[in-house]
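Subject: Structure for your files

Hello,

Here is the structure I said I would pass on. My notes on it follow below.

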Amino acid sequence: MMTMNIFSRAIRRHKFPTAVSPWPQFLNEQPNNLSEYVSLSVRSFNSTSMDRSASMADTDLNDLPNEKFMLILGKPGGGKGTISSKILKDFPGMEHVSTGDILRQHVREETKLGKEAKAYMDRGDLVPDEVMIRLVLDDSMSAIDSGKHLLLDGFPRTIEQAIALDENIDVEVVVDLNIPTETIVERIADRWIHPASGRVYNYSYNPPLHHGKDDESGEDLVQRDDDKPKTVRKRLEAYDKVTSPLIQYYAKKGVLKTFSGTMSDKIYPDVKEWLKKMGLN
Ligand code: ADP
């Protein structure tokens with residue numbers, strides 16, 4: 001088990017005393033291009049790191065949080081979203097931060113970040129670490145600092161992101177979904193979305209009421225650009241190369257459990273039981 005220093009969470013929670021920008025405000029304040037965004041990110045990220053020792057004095061010992069920070073890891077299309085939504089239903093006191101959803105929201109709203117990130121996403125490449133670190137550790141800070149359990153979905157995806165996360169929060173629970181690649185390739189081909197809302201359907205196990213149409217609006221469903229077969233292969237390769245080392249990284253810390261299978265419905269009861277054992281409620 002990882003060392004649970006009672007001060008560490010509080011200290012880390014205070015690491016960004018002024019840099020917290022609520023999401024809607026952030027959406028309105030897009031810099032002009034990705035490199036500007038990156039340099040902003042790095043500056044903002046580093047400028048607060050010296051506040052750690054000062055914040056220890058501010059810590060009210062009677063007010064220490066007992067929320068847990070958890071991650072869900074797994075190949076693209078491996079059911080992270082499905083398992084996450086089941087977790088959120090069963091553990092209502094949980095904030096959910098999905099970097100894929102946040103990025104797609106930017107793309108939909110055609111923000112500057114969205115336009116830049118889309119190029120990476122459509123190619124099946126990862127968005128640069130600096131951008132992602134800022135997105136999660138700064139712009140999503142209100143979710144991280146909400147006092148609730150936090151479920152991070154899609155972050156970290158590289159060792160660099162994991163190290164940046166470690167500097168800020170103690171990850172205590174990591175769910176690793178191990179799904180066969182063939183299952184994923186089939187599943188992604190069946191996945192269609194409603195672009196305006198982000199609602200996701202799957203023709204095999206979660207079909208829309210009317211073929212090709214969103215249940216609520218009746219509008220057309222489309223395939224995500226990055227769900228096209230060639231791009232899927234690239235995303236799976238990127239997972240093997242840069243994301244799968246995280247499994248070892250968290251296993252060494254003693255906080256990770258792997259769940260293998262092909263069906264989210266079959267896997268989930270084991271996930272739920274383990275989360276309860278790990279102290280989530
Ligand atoms: P999946 O897990 O199915 O690939 P996501 O919705 O998590 O889908 O992410 C979609 C895309 O968003 C990724 O292929 C990548 O381009 C980008 N992305 C999401 N999270 C990250 C991250 N932590 N680091 C880099 N890129 C990311």
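A residue is taken as near the ligand if its C-beta atom, placed from the backbone, lies within 6 Å of it. By that criterion 18 residues surround the ligand, and the closest are Pro76, Thr99, Gly100, Leu126 and Gly154. Please keep in mind that this is a predicted model.

On the ligand shell: helices α6 (99-108) and α7 (112-123) each supply at least two of its residues. The largest share, 3 residues, comes from α6. Sorted by class, the shell has 8 nonpolar, 5 polar and 5 charged residues.

On the fold: the chain has 14 helices and 7 strands. It runs to 281 residues, of which 33% count as buried. Among contacts with a separation of 6 or more, 79% are between residues 24 or more positions apart.

Helix α5 (residues 80-90) has Lys80, Gly81, Thr82, Ile83, Ser84 and Ile87 as its buried residues. These pack against the strands β1 (69-74), β2 (94-98), β3 (149-153), β4 (171-178) and β6 (199-202), and also against helix α14 (264-277).

On confidence: the mean pLDDT of the chain is 79, with 77% of residues at 70 or more. Strand β7 (residues 256-260) has the highest mean among the elements, 97, and helix α3 (residues 34-47) the lowest, 36. Over residues 1-64 the pLDDT stays under 50; the model has 74 contacts beyond four places in sequence for this stretch.

Regards

Key. Residues numbered from 1 in each chain as written. Predicted model: local features only at pLDDT ≥ 70, side-chain atom pairs only at ≥ 80, totals over all residues. Helix = DSSP H or I, 4+ residues; strand = E, 2+ residues; numbered from the N terminus. Buried ≥ 20, exposed ≤ 12 C-beta atoms within 10 Å, placed from the backbone. Contact = placed C-beta atoms within 7 Å. Nonpolar A, V, L, I, M, F, W, Y, C, P; charged D, E, K, R; others polar. pLDDT = per-residue confidence, 0-100.
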